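Student: Got a minute to go through this model with me? I'd like to start with how the helices pack.

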Amino acid sequence: MPRFASIIIMRVMFGGLLGFEAANYFRVFKFQIVYTWLGLILTALVVWAALEYLHHRSAKRLHVLAWVLVVAAVLVDFSGEMLRWYASIPYYDKVAHIFGGAAATAAILLYYQTKRTSLRAQEIFRAAVITAAAGYLYEFEEFAEDALTLSHRWGGLYDSAGDVLANVAGAMLVILLIHSRRFYPGAQSSSGHDTPTTQPGLK
């Protein structure tokens, strides 16, 4: 399937998901979930906007893998609410945060890779920092929504710290994969010399 068609499908999935969530928020549908439809709507909107930003800022269009991973992360969150896995499966929320952190980091690195054939160490570090910051913002949104609507969505400081650590763990998994493959310039070869800057990046 052409990349353009694949990205169109990802956008249709985002739009359909947002439409379904909005219909439930405005009581057109009345499905019950663990926490709030507002939280799902805000998450999907912000994530979609961020992905479109990366896509349009890319030197070349963003790799379809970034779209697939991020859409999958949003669907993991949606499934946890819709199927009540957040309430019924122990540590499902932490698994969702790990996957979300990995997806976000990979998407950012795929964006950097549109600018060159290999990744720099500072770009990998920056991707991890952005992922951690996004995790903190997500937890703040939970706190703010809970304070304004009494939704009981925010799990407290201990839970928030665990969620952010799970995001960072997901980012670290991606970085370890990259490091093991030596995807960025400056990695040392077995002879002690730097690897060439034409080394392949994250594909």
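**Helix packing and pockets**

Tutor: Bear in mind that this is a predicted model. To begin, α6 passes α7 in a right-handed crossing.

Student: At what angle do α6 and α7 pack?

Tutor: About 160°, and their axes are 9 Å apart. Angles over 145 degrees count as roughly antiparallel. α6 and α7 are therefore roughly antiparallel to each other.

Student: Which residues in α6 and α7 meet?

Tutor: From α6, they are Ile124, Ala128, Thr131, Ala132, Gly135, Tyr136 and Glu139. In α7 they meet Ser160, Asp163, Val164, Asn167, Val168, Ala171, Met172, Ile175 and Ile178.

Student: And by class, how does that contact of α6 with α7 divide?

Tutor: Into 10 nonpolar, 4 polar and 2 charged residues.

Student: OK, now α2 and α6. At what angle do they cross?

Tutor: Roughly 150°, with the axes coming within 11 Å. That makes α2 roughly antiparallel to α6. The crossing of α2 past α6 is right-handed.

Student: Which residues in α2 and α6 meet there?

Tutor: α2 brings Leu38, Gly39, Leu42 and Thr43, and α6 brings Tyr138, Glu141 and Glu145. By class, this contact of α2 with α6 has 3 nonpolar, 2 polar and 2 charged residues.

Student: Switching to pockets. How much space lies in the largest pocket?

Tutor: About 1,100 Å³. Its lining has 39 residues. Nearest the centre lie Thr43, Val47, Ala134, Tyr138 and Asn167.

Student: Which elements give two or more residues to that lining of the largest pocket?

Tutor: α2 (37-57), α3 (64-82), α5 (92-113), α6 (121-149) and α7 (157-181). The largest share, 9 residues, comes from α5.

Student: How many of the residues in the lining of the largest pocket are charged?

Tutor: 8 are charged, along with 8 polar and 23 nonpolar.

Student: Do any names turn up twice?

Tutor: Take Tyr138. In α6, Tyr138 is part of the contact with α2, and Tyr138 is also listed among the residues nearest the centre of the largest pocket. Thr43 in α2 is on both lists too.

Student: What about the second largest pocket, how much space lies there?

Tutor: About 240 Å³. Of the 14 residues that line the second largest pocket, Asn24, Tyr25, Arg27, Phe31 and Trp37 are the closest to its centre.

Student: Which helices each supply at least two residues of that second lining?

Tutor: α1 (3-25), α2 and α6. By class, the lining of the second largest pocket has 7 nonpolar, 4 polar and 3 charged residues.

Methods: Residues are numbered from 1 along each chain as its sequence is written. This is a predicted model: local features need pLDDT of at least 70, side-chain atom pairs count only at pLDDT 80 or more; totals for chains, interfaces and linings use all residues. Side-chain values use heavy atoms; hydrogens and water are left out. On a 1 Å grid over the protein atoms alone, a cavity is a set of points where a 1.4 Å probe fits but cannot get out, and a pocket is an open set with protein on both sides within 12 Å along at least five of seven lines; lining residues have an atom within 4 Å of a point. Grid points are joined across faces, edges and corners, and a volume is the space filled by probe spheres set on the points. Helices (H or I, at least four residues) and strands (E, at least two) are DSSP runs, numbered from the N terminus. Ala, Val, Leu, Ile, Met, Phe, Trp, Tyr, Cys and Pro count as nonpolar, Asp, Glu, Lys and Arg as charged, and the others, Gly among them, as polar. Axes are lines fitted to C-alpha atoms, for helices over the stretch in contact, and angles run from 0 to 180 degrees between N-to-C directions. Angles under 35 degrees count as roughly parallel, over 145 as roughly antiparallel, 65 to 115 as roughly perpendicular and the rest as oblique. A crossing is left-handed if the near helix is turned anticlockwise from the far one by less than a right angle, and right-handed if clockwise. Contact means heavy atoms within 4.5 Å.
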